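Opening the notebook on this one. I want to walk through the strands, the core and any enclosed space, one lookup at a time.

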Amino acid sequence: IHIPFNFTVGEKAFSAGEYVITRNRRDSDVVWVIRHKDNVDKAFIMTRPVRSLDTQEKTKLVFHRYDDLYFLTEFWQPGNNTGREIQISDREKALDKALAQKRQEHILIAGGK
């Protein structure tokens, strides 16, 4: 999926670009890997399941936004009503406490906005 802005996952910062999110192991949904399409950068992500009443038609990424800082918080795959929620980093917790009223949710959908 193309992410058109710089963002953070856990404690790691990423630049805008094309990214792939995959399981770290086929037999586990807990740890996932996000990597730049060119293998320039990657990070391991600790997750837990989240559910929706609706089955997702396209890949969807959910970000928390604080002014111009974006934190990836969830990702959803097409054909599923279960997504993965990412553990909130200490940095985002501090920002959320200081700027909670300024936090916005930003959703990216593959092939759309």
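**Entry 1, I34.** I started with the contacts of I34. Leaving out neighbours within four places in sequence, I34 is in contact with F7, V9, F14, Y19, V20, I21, D41, K42, A43, I45 and L72. Worth remembering as I go: this is a predicted model.

**Entry 2, the core.** Next I pulled up the largest nonpolar core, which has 18 residues. I34 is among those with the most contacts inside it, along with I3, F7, V9, L61, F63 and L72. Which strands supply at least two residues each of this core? I noted β2 (7-9), β4 (17-23), β5, β6, β7 (60-66) and β8. The largest share, 3 residues, comes from β8. As background, nonpolar side chains tend to be buried together in soluble globular proteins.

**Entry 3, β5 and β6.** I34 sent me to strand β5, which covers residues 31-36. Strand β6 takes in residues 42-51, and 5 bridges join the two strands in antiparallel fashion. For one pair I wrote down V33, whose bridge partner in β6 is F44. The hairpin of β5 and β6 has 5 residues between the strands, and there N39 takes a positive phi near 60°.

**Entry 4, β6 and β9.** I followed β6 to its pairing with β9, residues 82-86. This pairing is antiparallel too, with 5 bridges. P49 stands opposite R84 in β9, and V50 stands opposite G83.

**Entry 5, β9 and β8.** How many bridges join β8 to β9? I get 2, and the strands run antiparallel. E74 has E85 as its bridge partner in β9. Between these strands the hairpin has 5 residues, and G79 takes a positive phi near 85°.

**Entry 6, β8 and β7.** On to the pairing of β8 with β7, antiparallel over 7 bridges. Y66 has L69 as its bridge partner in β8. The hairpin of β7 and β8 has 2 residues between the strands. I also checked how covered β8 is: 7 of its 8 residues are buried.

**Entry 7, D67.** D67 is in the loop between β7 and β8. Its phi is near 55°, a positive value in a residue other than glycine. I flagged that for a second look, since most residues other than glycine have a negative phi. Is D67 buried, partly exposed or exposed? D67 has 45% relative accessibility, so it counts as partly exposed; the partly exposed class runs between the 20% and 50% cut-offs.

**Entry 8, F71.** Back in β8, which spans residues 69-76, I stopped at F71. F71 has a relative accessible area of 2%, so it is buried, given that buried means under 20%. What does F71 touch, residues up to four places away in sequence not counted? My list reads T8, V62, F63, H64, Y66, S89, R91, E92 and L95. I also looked up F71 against R25: they are 46 residues apart in sequence and 24 Å apart in space, C-alpha to C-alpha.

**Entry 9, enclosed space.** Last lookup was for cavities. Rolling a probe the size of a water molecule over the atoms shows where empty space is left. How many cavities of 30 Å³ or more turn up in the whole structure? The search finds 1, and about 40 Å³ of space lies in it. Its lining is T8, G10, F71, L72, I86, Q87, I88, S89 and E92. By class, I logged 4 nonpolar, 4 polar and 1 charged residues in that lining.

**Cross-check.** I compared two of my lists before closing. F71 lines the cavity, and T8, S89 and E92, also in the lining, are among the residues F71 touches. L72 lines the cavity as well; it is also one of the core residues with the most contacts and is in contact with I34, which is where I came in.

Note on methods. Residues are numbered from 1 along each chain as its sequence is written. This is a predicted model: local features need pLDDT of at least 70, side-chain atom pairs count only at pLDDT 80 or more; totals for chains, interfaces and linings use all residues. Side-chain values use heavy atoms; hydrogens and water are left out. On a 1 Å grid over the protein atoms alone, a cavity is a set of points where a 1.4 Å probe fits but cannot get out, and a pocket is an open set with protein on both sides within 12 Å along at least five of seven lines; lining residues have an atom within 4 Å of a point. Grid points are joined across faces, edges and corners, and a volume is the space filled by probe spheres set on the points. Ala, Val, Leu, Ile, Met, Phe, Trp, Tyr, Cys and Pro count as nonpolar, Asp, Glu, Lys and Arg as charged, and the others, Gly among them, as polar. Two strands pair if DSSP finds at least two bridges between them. Buried means under 20% relative accessible area, exposed over 50%, partly exposed in between (1.4 Å probe, protein chains only). Contact means heavy atoms within 4.5 Å. A nonpolar core is a set of buried Ala, Val, Leu, Ile, Met, Phe, Trp, Tyr and Cys residues joined through side-chain atoms within 4.5 Å.
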